[in-house]
Structure formats: structure tokens, C-alpha cells
Amino acid sequence: MPPADLVCPDCGHTFADRWRCSCGAPLEFASTPRPDGPAPDFATFDSRRGLWAFSDFLPVERGVTLGEGFTPLVDGPDPNVSFKLEYVSPTGSFKDRGAATVVSRAVELGVDRVIEDSSGNAGAAIAAYAARAGLDADIYVPASAPAAKRRAIEAVGARVVEIAGDRETVAAACRNVVEAGDGWYASHAWSPAFFAGTATFGVELAAQRDWSVPDAVVVPLGHGTLLLGAYRGFRALAEAGWIDDMPRLLAVQAAGYAPIAGETPGTNDLADGIQVREPVRRAAIVDAIEATGGDAIAVSAKAVRRAHDSLRTSGFDVEPTAAAAVAGLRRYRDRGTLDADDDTVVPLTGRGK
């Protein structure tokens, strides 16, 4: 099968491949597969295939894998709260889901070099999957990016390109190189193939719960790669007739970087993975939150630090950005948005460094 075409949801133009529409909007797959028939028993899925066990929902053929997907779903310390341990993924974050599908898309297209801009986890994931596929990779990072994340990128043979400035400056520098034709943009913010991978989070979560969904999912929000992925996964299941309801999507942003929740006093520089002031798919994020009856809030560095310490003493070794979701869970409960008996899932998105 040839690679799937892309379409612009704003102007309707279609392309064989392009990183964004000529009108400037993000692109989507022109069509996405759906399975026929009722939902199968969870035991029928071959967990050895990782997220590719859900290939009936994927518009990309498997070109590369490191065993991503099928992350554990465990009880959290609080009643009616479950944690999905995305941080046990091959490179330590949920970004492996998107990296597997976006690099597989690159393989489908015959690409030999991928380029990405990332403050850390997405860059490490793209670098690792590119190495697995035998592709060169250039990862553009802020000069202030954590040293551990730069080392993780370089360890698998990718080239780190440091750019002075904030994440928007880094992204602009990366896109200039892409526009000059010096590589294929494996962007976690722009590529629909990346979101096809993160959509498996929703499919997998429902499968692990025997095709039921929780009342709510509390998700850290930067560019929306997990929130939108979860929404698309749940929506795909509803379209297939495999689930009856959609969970509320409750987003958690970092104070000072909260364009969806609305700015609050102070700046949360601890949750570095969600320090995004201009999400590429902002309209889609707002639509997903509104469509599920969800909400968005911002949390402080103090709240994240408290949640981070609590998680570690409970045995969950995560990075601060992952703890932001737990800090958000507590605030949602304090506000009455979540009741104590609401069935809630919180993804723990990234491993401690």
C-alpha cells in the first residue's frame, strides 16, 4: 500500500506529503482505518507487537518498533485513581508512541534524514527510533535543555543542534532548515503520524479496562500530543462502536505557560516538558476539551514539587512534568471538578532523570 495522503481540514487541499498545508494549517490523514465488527476480547491482542497490535486503527504501516505500548495500568495511592505508566516506555516517555509511527511514516516515504525540535523527550524518542530504522537524525534543542536529555539524544547517534532562545525560537530555526529541504520534519507538534501513535494511548487504555473508559483522564498539556492522542483514540473507539462514552479530558498546564487554561501569577519552570506558549494545534485542543466536557488549569512549581516528592515516595520515579498531572488532579478535586468517587486515570508520562 502507498503511504496515506494528507488533507488540510481548513482549506481541503490534499498532499502526498508535506509538513503543513500551504495555507499554514496543520494537516491530517485523508482517511483513517476503522475495524469492522464488535470489540474483541483483550486477550486476542498480541502484546508482543506493542502498539502495533492496534494496527486496525493506524494509517501507517509498521516500519520500526522498539516494543512501545502496552504500558501498565496500576492503582494509584488514592482511591478511584489509576496510573498508566507511560514512563516505562523504551526511551522513558509516552513520546515513543508517536516516534514509532512518525518514523514509520518516514520509512514509508523513503526518507533518509529526519529533523525534530524538542526540549527533551520527543527528541530522545525520535533519535532512538531513527537509529533503529537506520536514519540520520538532527534534533534541535534549546541551549537550556537538560544535559541528561541532550546526552540521551547523542547516545543513539543523533546530532544535537543547540539554539539560543525559547522553544518557539528553536522551532522556527528547525523549520527554516526543513523549508530549505535539508531533511524531513518528524515533528511531534505538526505531524499527523505522531498523533496517530499517541492515539493508541486511548485505545489501549480502554482495552485494558475491557472496553470501558474512566470518568476522567487528567493529562499534562504542552503541545497537546497526549491529550489530542487520547481524544482521537477514544473517538475512534466510539466510531467503531467499541465504547459507549467518552471520558472528560482534564488538562494541566504549567503556570506561566498556560494559553489554554489562562495565565496565572508566577512561572513554573520545573515542569519543563509542558513549557509551551503557542501550541500548534490550539483550536483542536480546545475542541477536544469542550467536546468531552473537560477543563484546563495551570499549576505552580510548588504544587508540582509536592506531587513529585509524593510520587517518588510511593515508588513512581517520574520527571517533574509527569508530576504536574498529579498536582492537577489534586487541584481538580479541591475545586470540585472531580469528586472523590470519580473513576480517574492519570498517565505518568516521563521517567525520572
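# Close-up views of a predicted model

**View 1. The largest pocket has a volume of about 630 Å³.** This is a predicted model, so local features come only from parts with pLDDT of at least 70. What lies closest to the centre of the pocket? Of its 32 lining residues, E28, R232, R235, R281 and A284 are the closest to that point. Several elements give two or more residues to the lining: β3 (28–29), α5 (192–198), α6 (200–208), α7 and α8 (282–291). Helix α7 gives the most, with seven residues. By type, the lining splits into 20 nonpolar, three polar and nine charged residues.

**View 2. Here we look into the largest cavity, which holds about 250 Å³ of space.** How many cavities of 30 Å³ or more does the structure hold? The count is one. Its lining is made up of 24 residues, and F94, K95, T225, G273 and I274 lie nearest the centre. Two helices, α2 (121–133) and α7 (225–240), are the elements that give two or more residues to this lining. The largest share comes from α7, with three residues. Sorted by type, the lining has eight nonpolar, 12 polar and four charged residues.

**View 3. This close-up shows the largest nonpolar core, a set of 40 residues.** Which members touch the most others? They are V102, V114, I126, I139 and I153. At least two residues each come from α1 (95–109), α2, β7 (136–142) and α5. Helix α2 makes the largest contribution to this core, seven residues. Now zoom in on I153: leaving aside residues up to four places away in sequence, it touches G120, G123, A124, A127, I139, V141, A158 and V160. There is also a second, separate core, with 36 residues, L205, A251, I260 and A296 among them.

**View 4. Helix α6 sits largely enclosed by the rest of the structure, because eight of its nine residues are buried.** Which ones are they? The buried residues of α6 are T200, F201, G202, V203, E204, L205, A206 and A207. One of them, L205, also turns up in the second core of 36 residues. The helix has a place in the pocket view too, as one of the elements that give two or more residues to the lining of the largest pocket. Just after α6, the backbone at D210 takes a positive phi of about 55°.

**View 5. S212 sits in the loop between α6 and β10 (216–220).** Is S212 buried, exposed or something in between? With a relative accessible area of 30%, S212 is partly exposed. Its distance from M246 can be given in two ways: the pair is 34 residues apart in sequence, and 9.4 Å apart in space, C-alpha to C-alpha.

**View 6. Two loop residues, F70 and N80, have positive phi values although neither is a glycine.** Start with F70, where phi is about 55°. Its home is the loop between β3 and β4 (73–75). Moving on to N80, phi is near 65°. Where is N80? Look in the loop between β4 and β5 (81–84). N80 counts as partly exposed, at 40% relative accessibility.

**View 7. The cysteines C21 and C23 come into view here, with sulfurs 3.5 Å apart.** A disulfide is a covalent bond between the sulfur atoms of two cysteines. The cut-off used for one is a sulfur pair within 2.5 Å. Why is there no bond between C23 and C21? Their sulfurs are 3.5 Å apart, which is too far for a bond. C23 is partly exposed, with a relative accessible area of 46%.

**View 8. C174 is a buried cysteine, with a relative accessible area of 0%.** Which cysteine has the closest sulfur to that of C174? It is C21, at 19 Å, and that is too far for a bond. How many disulfides does the count come to? It comes to zero.

Terms used:
Residues numbered from 1 in each chain as written. Predicted model: local features only at pLDDT ≥ 70, side-chain atom pairs only at ≥ 80, totals over all residues. Heavy atoms only, no water. Buried < 20%, exposed > 50% of the residue type's maximum accessible area, 1.4 Å probe, protein only. 1 Å grid on protein atoms, 1.4 Å probe; cavity = no way out; pocket = protein on both sides within 12 Å on 5 of 7 lines; lining within 4 Å. Points joined across faces, edges and corners; volume = space filled by probe spheres on them. Helix = DSSP H or I, 4+ residues; strand = E, 2+ residues; numbered from the N terminus. Nonpolar A, V, L, I, M, F, W, Y, C, P; charged D, E, K, R; others polar. Core = buried A, V, L, I, M, F, W, Y, C linked by side-chain atoms within 4.5 Å. Contact = heavy atoms within 4.5 Å.
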